[in-house]
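The following paragraphs go through selected features of one protein model. Please keep the sequence and the structure in view while reading.

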Amino acid sequence: MSSLLVPAFARSAASAKHVKKASSPAATGSYAAFLAGVRREAIQQGLSASMLDEALALTTQPNAKVLKADRHQPEFTLTWAQYKDRVITDKKISDGQNAVAQRTALLNQISQAYGVDRGAIAGIWGLESAYGTRMGTYHVVDSLATLAFDGRRSSFFRAELFKALHILNNGDITPSGMLGSYAGAMGQPQFMPSAYERYAASFPAGGRRDIWNNEADVFASIANYLAKCHWQAGEPWGEQVQVPDTLEQSQIGRAAVHPVSYWAGLGVRPLLGGGFSRPGLEGAVIRPDGAGGEAYMVYHNFNVIRRYNPSDFYALGVGLLGSAIV
């Protein structure tokens, strides 16, 4: 894994790897001209002129802090053991237990409504925004406009900028209230605007979707994301296992899916002892740090968590943190 977490925009509905490189707008005109072009195109799409004026007033020049963060993403490599030590701390677990204890009824209600385990909801909430306490202080329009103008990935960020403007036009949040990360990931679940359009939900249904301030909407949006990615109710995400020395690294990995009984026949056992409680399930064995490192049996729902952020480390972190919390 090349960094602590896969960048938030990696879980956008429009994956950046499919976006063609564009020439830098910065090389062809001023930022004011760029914003004028955005405004003109948005007006042609039927967006409110007054909303656009309010939103674009938040970004008068490229944000140097956004560009610095984009240019200086961590290049160091973490092992799974190092990542786990950083992400699943005693404080993170105790903070999560306290947060969940205060919201048990709401989480149970949403978990039942969407058929998604509340541990997965809590784990994602914890990793993404430290249970709603750290969701970013950047104005999303400013961040996205800066990155769209910059040109390194301008097509991707320009598309996200227009989606953000459509969200504002719908009245779900005010321009000044639309806060997030330097890369435009928004609110407590850290949704990119494209993910917000596809997965954000209000709870109860039918209201304005507020993933910044309304915890019912935050939990429902995370649950809706997982449900639409085919979460299987009542099934585990995975569990830590011990593997025999005879099992080669080449025999395992997410793609090597077999019935649990197959793995048991090869000597794979739950770490806590005994037999597997769900021998009829199919799963894969992963060992992120290779021979000698921790091993996990992962099931279908592990891959659903990876749809939120395509990283084995992240999905393991969510699963383990959520299990420890609930």
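Buried means under 20% relative accessible area, exposed over 50%, and partly exposed in between, with a 1.4 Å probe and protein chains only. Helices (H or I, at least four residues) and strands (E, at least two) are DSSP runs, numbered from the N terminus. This is a predicted model, in which local features need pLDDT of at least 70 and side-chain atom pairs count only at pLDDT 80 or more, while totals for chains, interfaces and linings use all residues. Residues are numbered from 1 along each chain as its sequence is written, and side-chain values use heavy atoms, with hydrogens and water left out.

Helix α2 spans residues 49-56, and Met51, Leu52, Ala55 and Leu56 in it are buried. These residues lie on the same side of α2, because they cover an arc of only 115° around the axis; the arc is that of the directions from the helix axis to the C-beta atoms. The cover over the buried residues of α2 includes α1 (31-44), α8 (140-150) and α9 (154-169). Contact here means heavy atoms within 4.5 Å.

Next comes the sheet. Strands of a sheet pair through backbone hydrogen bonds, either parallel or antiparallel. In this model, five strands make an open sheet with antiparallel pairing, in the order β4-β6-β7-β3-β5. Because β4 (258-259) and β5 (269-270) stand at the edges with a single partner strand each, one side of each is left without a neighbour in the sheet. Two strands count as paired if DSSP finds at least two bridges between them. Two bridges join β4 to β6, and Pro259 has Glu282 of β6 as its bridge partner. Between β6 and β7, which run antiparallel, there are three bridges; Ile286 is partnered by Tyr296 in β7. Four of the five residues of β6 are buried, so this strand is largely enclosed by the rest of the structure.

The loop between β6 (282-286) and β7 (295-298) holds Arg287. What is the nearest side chain of opposite charge to Arg287? That side chain is Asp245, 6.5 Å away, and Arg287 is buried yet has no salt bridge. A salt bridge is a side-chain nitrogen of Lys or Arg within 4 Å of a carboxyl oxygen of Asp or Glu; for charge, Lys and Arg count as positive and Asp and Glu as negative, while His and the chain ends are not counted. A polar atom of the Arg287 side chain does lie 3.4 Å from the backbone oxygen of Leu247. Leaving aside neighbours within four places in sequence, the residues in contact with Arg287 include Val243, Glu248, Ile252 and Gly293.

Three loops hold backbone features to inspect. Pro204, in the loop between α10 (193-199) and α11 (215-228), follows a cis peptide bond from Phe203, with omega near 0°. Ala130 is found in the loop between α7 (118-129) and β1 (138-139) and has a positive phi, near 50°, although not a glycine. His230, in the loop between α11 and β3 (238-242), is likewise a residue other than glycine with a positive phi, of about 75°. Are these two residues buried or exposed? Ala130 counts as buried at 17% relative accessibility, whereas His230 is exposed, with a relative accessible area of 52%.

Technical notes
A polar contact is a pair of N or O atoms within 3.5 Å; within protein, one must be able to donate a hydrogen and the other to accept it, and residues adjacent in sequence count only if both atoms are side-chain atoms.
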